[in-house]
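Here's a quick briefing to read with the model open beside you. Take it one topic at a time.

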Amino acid sequence: MNKLISSIILHFLLVCSVMAQQPQKPAAICNGILLTRLTEVKSEGEEEKDTSKILYVQNSLKDSLFVYKIADGILSEATAYGLSGDSKGLYLHAKSILNGERSIEPLKITFSDSKHTLFVNQDEYRLFPEFYAKVKQQVGVKHSILSLFNLLEDYLEDYSIRDIYMPLLSNNNEQWGKSILESKIITKRSQSDLKDIWSYKYQYNRSGKLELVKGTSADEIHFSKKMSYLNPRLIEMSIYRNTEDRQIISRKATYNPLKLNLLKLTDHVEITGKDTAVIITTTISRKIIGKLKSLRMSQAEIIRLVTLNK
């Protein structure tokens, strides 16, 4: 009997020892960034001001990003972005986690090694070979959602991506470096079944930094962006966007890459046919929140977090 008891105890100690030596799975860790967005709108002698908060929460795998928008002290919007692959391919999913879990049509991401081209649905982004290899590894293998968003930061097509300010979200030191050679974007018209095909050309300076992006179709300009690197502390962007000839937006953006915490946008919006001009000034500041326990947070948790990080 004593031998049996001793045997059971020995077995128990052995099992405990083996379990103690098993590597423990790391706890899921998410990181948070909080933006404060101040918007001023001036039009025909009227002026409005609005302040909102945007909370980014990204998981440690970097394949998911939740974006929470807080306005007037309540959670007004919440979107979950995810990049994942299955037997049918690689997809960017966007889903509202308010309003009954409404999903948005996913974007299919594919690669062409022979052309060094990344496809987003039917849109083509031809990349420099070295950069293409990095993107395929980061996006295609590791499913890094920020690496994909970095390519799409100019919103050349309406990909249903909202409130993403890449300069404040990413700490990528290679931002605006040699990346895209040229692209072809197909846009749908809002009031008809017609589509427009735009060809984009990219120019870089001697230092390998992006200097100019220009998108045209025949003689019509759809989009242009000129980068000015004034000094190590200031980058200026001049952006022109023509939306179906009904709304023309001229934007000046300034950004401090050393501080990584302030982005200022000034938009002059011309509404065709209404002889109306609107000036929108947006100043966005950033605060690093650090580690959070989960991507998905309740409204009470978000409001508490925002209140603590004013």
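What follows covers confidence, pockets, a run of paired strands and one serine.

This is a predicted model, where local features need pLDDT of at least 70, side-chain atom pairs count only at pLDDT 80 or more, and totals for chains, interfaces and linings use all residues. Residues are numbered from 1 along each chain as its sequence is written, and side-chain values use heavy atoms, leaving out hydrogens and water.

**Confidence**
- The protein's mean pLDDT (the predictor's confidence in each residue, from 0 to 100) is 86, and 87% of its residues reach 70 or more.
- Residues 1–5 stay under 50, and the model gives them zero contacts (heavy atoms within 4.5 Å) beyond four places in sequence.
- Residues 8–26 also stay under 50, with one contact beyond four places in sequence.

**Pockets**
- A pocket here is an open set of points on a 1 Å grid over the protein atoms alone, where a 1.4 Å probe fits, with protein on both sides within 12 Å along at least five of seven lines; lining residues have an atom within 4 Å of a point.
- The largest pocket has a volume (the space filled by probe spheres set on the points, which are joined across faces, edges and corners) of about 1500 Å³.
- Its lining counts 50 residues, and Asp154, Tyr155, Arg241, Ile249 and Arg251 lie nearest the centre.
- Strand 13 (residues 234–243) gives the most to that lining, with six residues; strands (E, at least two residues) and helices (H or I, at least four) are DSSP runs, numbered from the N terminus.
- The second largest pocket comes in at about 660 Å³.
- Of the 30 residues lining the second largest pocket, Lys62, Ser144, Leu146, Ser147 and Ser170 lie nearest its centre.

**Paired strands**
- Strand 10 (residues 195–204) and strand 11 (residues 210–217) run antiparallel, joined by six bridges; two strands pair if DSSP finds at least two bridges between them.
- Five residues separate strands 10 and 11 in their hairpin, and Gly208 in the turn has a positive phi of about 80°.
- Strand 11 is also joined to strand 12 (residues 220–231) by six bridges, again antiparallel.
- Thr216 stands opposite Ser199 and also opposite Ile221 in strand 12.

**Ser179**
- Look for Ser179 in the loop between helix 4 (166–169) and strand 9 (180–188).
- Ser179 counts as buried because its relative accessibility is 15%, and buried means under 20% relative accessible area (1.4 Å probe, protein chains only).
- Beyond its neighbours within four places in sequence, Ser179 is in contact with Leu127, Phe128, Phe131 and Tyr204.

Note on methods
Buried < 20%, exposed > 50% of the residue type's maximum accessible area, 1.4 Å probe, protein only.
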